[in-house]
Amino acid sequence: MAAAVTELPSTLNDPAWLHGATAFTTVRTRHGQPLLWAAHIERLRGTCDFLGLPHPDPTPPPLDAHPWGLLRVTVTAHGTLHTHRPLTPGPRPQQGVTVRVTDLQIHPQLGTHKTGNYLPYRLAATQAHPHFEGWLQDARGHVVDGSRTSPLLEIAGALVVPEGGLPSVTRAAYLTGRPHITRPVHTRDLRHVTRAWLCGSGTGLVPIRRIDGHTDDLPIHWPAPDDPVLGWPDGA
């Protein structure tokens, strides 16, 4: 049955909601305290500059003391909004997760920013189902980002950050003080991956068991399972 056509609410008749003209970041919280707040705000300010939006308030809002939480801060031309919900992803996937490389592509100008123009990432997640994550490419066939996390690869013994995607705050926190390189990673290079992880506020660092169609089962290593930033958010 076709949906009835109704008048657009005036609150939605705005570029923020019609065109995705917003910047946002998603921050893990622990007992109501935002983790890596300064790094998230710094990245968010850069996206606001790129989009011509006002800077967010550098002070975090008062938050409910969820054992684990996910705070989303969204900046529009009219101000900054936030939501905060419990972060309850379920039991830790001890044997790692699987990933599918999708045929979705990032936007060539927006791929390094977290904006309301998010449809490619939602489509990648749908295409990747039932895998835990779907990776997006650029126009040249390089793996650059995930639908909700950022990739970190080990190739020939070196930690590699695929070039071209969102600069992950969680990944950067893990890599501080660790040798690594940032370079393009073509899909054909994935067969050389020896270990891999997904990085994000909602997940921490999660080992990848297999990149579907590109690797056999990979060794599973949880780099920092008890770290509040890098570990899986379970327990009290």
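Modeller: Hello and welcome! Let me start with a term: a cavity is a set of grid points where a 1.4 Å probe fits but cannot get out, and its lining residues have an atom within 4 Å of a point. Please keep in mind that this is a predicted model.

Biologist: Thank you! Which residues line the largest cavity?

Modeller: The whole structure holds one cavity of 30 Å³ or more. Its volume is about 40 Å³. By class, the lining divides into three nonpolar, three polar and one charged residues. The residues around this cavity are R28, L35, L36, H40, T170, S201 and V229.

Biologist: Now for the open spaces. Which element gives the largest share of the lining of the largest pocket?

Modeller: This pocket holds about 860 Å³ of space, and of its 42 lining residues, T26, K114, Y118, S147 and R148 are the closest to the centre. At least two lining residues come from each of β1 (23-30), α2, β3 (68-76), β4 (79-86), α3 (119-128), β7 (143-146), α4 (169-175) and β11. The largest share is five residues, and they belong to α3.

Biologist: How many residues in that lining are charged?

Modeller: The lining of the largest pocket can be sorted by class. It has 15 nonpolar and 20 polar residues, and the number of charged ones is seven.

Biologist: What is the volume of the second largest pocket?

Modeller: Let us look at the lining before the volume. Among its 14 residues, I106, D138, A139, R140 and V144 lie closest to the centre of the second largest pocket. By class there are five nonpolar, six polar and three charged residues. The volume of this pocket is about 170 Å³.

Biologist: Let me ask about one residue in a helix. Is T47 buried or exposed?

Modeller: T47 belongs to helix α2, which covers residues 37-51. Beyond residues up to four places away in sequence, T47 touches A23, H113, K114 and T115. The relative accessible area of T47 is 3%, and because the cut-off is under 20%, T47 counts as buried.

Biologist: On to the nonpolar interior. Which elements give two or more residues to the largest nonpolar core?

Modeller: This core has 19 residues, and W135, L153, L190, V193, I208 and I211 touch the most other members. The elements that supply two or more of its residues are β5 (97-105), β8 (150-155), β11 (193-200) and β12 (204-211).

Biologist: Which residues does I211 contact, leaving aside its neighbours within four places in sequence?

Modeller: I211 is one of the residues that touch the most other members of the largest core. Its contacts beyond those neighbours are V99, V101, W135, L190 and V193.

Biologist: How many residues of β8 are buried?

Modeller: In a regular strand, side chains alternate between the two faces of the sheet, so it helps to check each face. On one side of β8, S150, L152 and E154 are buried, and on the other P151, L153 and I155 are buried too. Of the six residues in β8, the number buried is six.

Biologist: Which residue of β9 stands opposite E154?

Modeller: β8 has two partners to look at. With β11 it pairs in the antiparallel sense over six bridges, and there P151 stands opposite L198. β8 also pairs with β9 (residues 158-162), in the antiparallel sense over three bridges. In β9, the residue opposite E154 is L159.

Biologist: Which residue takes a positive phi in the hairpin of β8 and β9?

Modeller: Two residues lie between the strands of this hairpin. The positive phi is near 55°, and the residue that takes it is A156.

Notes. Residues are numbered from 1 along each chain as its sequence is written. This is a predicted model: local features need pLDDT of at least 70, side-chain atom pairs count only at pLDDT 80 or more; totals for chains, interfaces and linings use all residues. Side-chain values use heavy atoms; hydrogens and water are left out. Helices (H or I, at least four residues) and strands (E, at least two) are DSSP runs, numbered from the N terminus. Buried means under 20% relative accessible area, exposed over 50%, partly exposed in between (1.4 Å probe, protein chains only). Contact means heavy atoms within 4.5 Å. On a 1 Å grid over the protein atoms alone, a cavity is a set of points where a 1.4 Å probe fits but cannot get out, and a pocket is an open set with protein on both sides within 12 Å along at least five of seven lines; lining residues have an atom within 4 Å of a point. Grid points are joined across faces, edges and corners, and a volume is the space filled by probe spheres set on the points. Ala, Val, Leu, Ile, Met, Phe, Trp, Tyr, Cys and Pro count as nonpolar, Asp, Glu, Lys and Arg as charged, and the others, Gly among them, as polar. A nonpolar core is a set of buried Ala, Val, Leu, Ile, Met, Phe, Trp, Tyr and Cys residues joined through side-chain atoms within 4.5 Å. Two strands pair if DSSP finds at least two bridges between them.
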